[in-house]
Amino acid sequence: MADRMARLPTLCPTDIAVHIIHPGDNRSTCFACDEDHQARLSYLQEGPIAYGWKVHAWVFMTNQIHTLATLDRDDGISRMMQYAGRYFVRYFNSRYQRTGNLCDGGFKSCLVENDSYF
């Protein structure tokens, strides 16, 4: 069994837009119906009140989630992903009588530093 290295902290300077990509676990389905989209959106909208991020746009694909946000804390991206993911997984697992992860444990993020990327 190979040793796994600890994940490096996610770099996310404050007040710069970031594109976050969160794939489904093993490319599996993250959303099965419109109610699933609405549930995920509600968690995405509640989090900014608690953790101070601004969500500018999102795309919920069948097997992944893309979010464009600006954060006002250095640990904002991690807190955002934990908050939105934790509650949605509980909802999804309960609704579909399943257990385990819904999304891949990791997420990717890219700073949106210019208009062409945006």
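A salt bridge here is a side-chain nitrogen of Lys or Arg within 4 Å of a carboxyl oxygen of Asp or Glu. Keep that in mind for the first exercise.

Before starting: this is a predicted model, where local features need pLDDT of at least 70, side-chain atom pairs count only at pLDDT 80 or more, and totals for chains, interfaces and linings use all residues. Residues are numbered from 1 along each chain as its sequence is written, and side-chain values use heavy atoms, with hydrogens and water left out.

**Exercise 1: the salt bridges**

Find how many salt bridges the whole structure has, and work out which parts of the chain they link.

Step 1. Searching the whole structure turns up two salt bridges.

Step 2. Take Glu35 and Arg95: their side chains meet in a salt bridge, with 3.9 Å from N to O. Glu35 sits in helix α1 (residues 34-51) and Arg95 in helix α2 (residues 76-95), so this pair ties together parts that are 60 residues apart in sequence. Helices here are DSSP runs of H or I with at least four residues, strands are runs of E with at least two, and both are numbered from the N terminus.

Step 3. Now Asp36 and Arg95: they form a salt bridge too, and their closest N and O atoms are 3.5 Å apart. Again distant parts of the chain are linked, with Asp36 in helix α1 and Arg95 in helix α2, 59 residues apart.

Step 4. Put the pairs together: through shared partners, salt bridges join Glu35, Asp36 and Arg95 into one network.

Step 5. Check the surroundings, using relative accessible area: under 20% is buried, over 50% is exposed, and in between is partly exposed (1.4 Å probe, protein chains only). Asp36 is buried at 0%, Glu35 is partly exposed at 46%, and Arg95 is partly exposed at 40%.

**Exercise 2: a walk along α2**

Test whether the length of α2 agrees with its residue count, then look at its buried residues and at what follows it.

Step 1. The expected span of a helix is 1.5 Å times one less than its number of residues. For the 20 residues of α2 that gives 28 Å; the end C-alpha atoms are 29 Å apart, which agrees.

Step 2. List the buried residues of α2: Gly76, Ile77, Met80, Met81, Tyr83, Ala84, Gly85, Phe88, Phe92 and Asn93. For background, an α-helix has 3.6 residues a turn, so residues three or four places apart point the same way.

Step 3. Zoom in on Asn93, which is buried at 12%. Setting aside neighbours within four places in sequence, Asn93 is in contact (heavy atoms within 4.5 Å) with Arg98, Thr99 and Gly100.

Step 4. Step off the end of the helix. Gln97, in the loop between α2 and β4, has a phi near 50 degrees, a positive value in a residue other than glycine. Gln97 is exposed, at 75% relative accessibility.

**Exercise 3: the aromatic rings**

Classify the ring pair of Phe92 and Tyr96 as stacked, tilted or edge-to-face.

Step 1. Rings of Phe, Tyr and Trp (its six-membered ring) pair if their centres lie within 6.5 Å; planes under 30 degrees apart are stacked, over 60 edge-to-face, and the rest tilted. The structure holds six such aromatic pairs.

Step 2. The centres of Phe92 and Tyr96 are 4.6 Å apart and the planes stand at 50 degrees, so the pair is tilted.

Step 3. Compare their settings: Phe92 is buried at 5%, while Tyr96 is partly exposed at 31%.

Step 4. Widen the view: ring pairs link Phe31, Trp58, Phe60, Phe88, Tyr91, Phe92 and Tyr96 into a cluster.

**Exercise 4: the sheet and Val59**

Work out the strand order, find the edge strands, and place Val59.

Step 1. Four strands form an open sheet with antiparallel pairing, in the order β2-β3-β1-β4. Strands pair if DSSP finds at least two bridges between them.

Step 2. β2 and β4 (108-111) are at the edges with a single partner strand each, so one side of each is left without a neighbour in the sheet.

Step 3. β2 pairs with strand β3 (residues 64-71) over eight bridges, in the antiparallel sense. Across this pairing, Ala57 stands opposite Leu68 in β3.

Step 4. Val59 belongs to strand β2 (residues 53-61) and is partly exposed at 44%. Beyond its neighbours within four places in sequence, Val59 is in contact with Gln64, Ile65 and His66.
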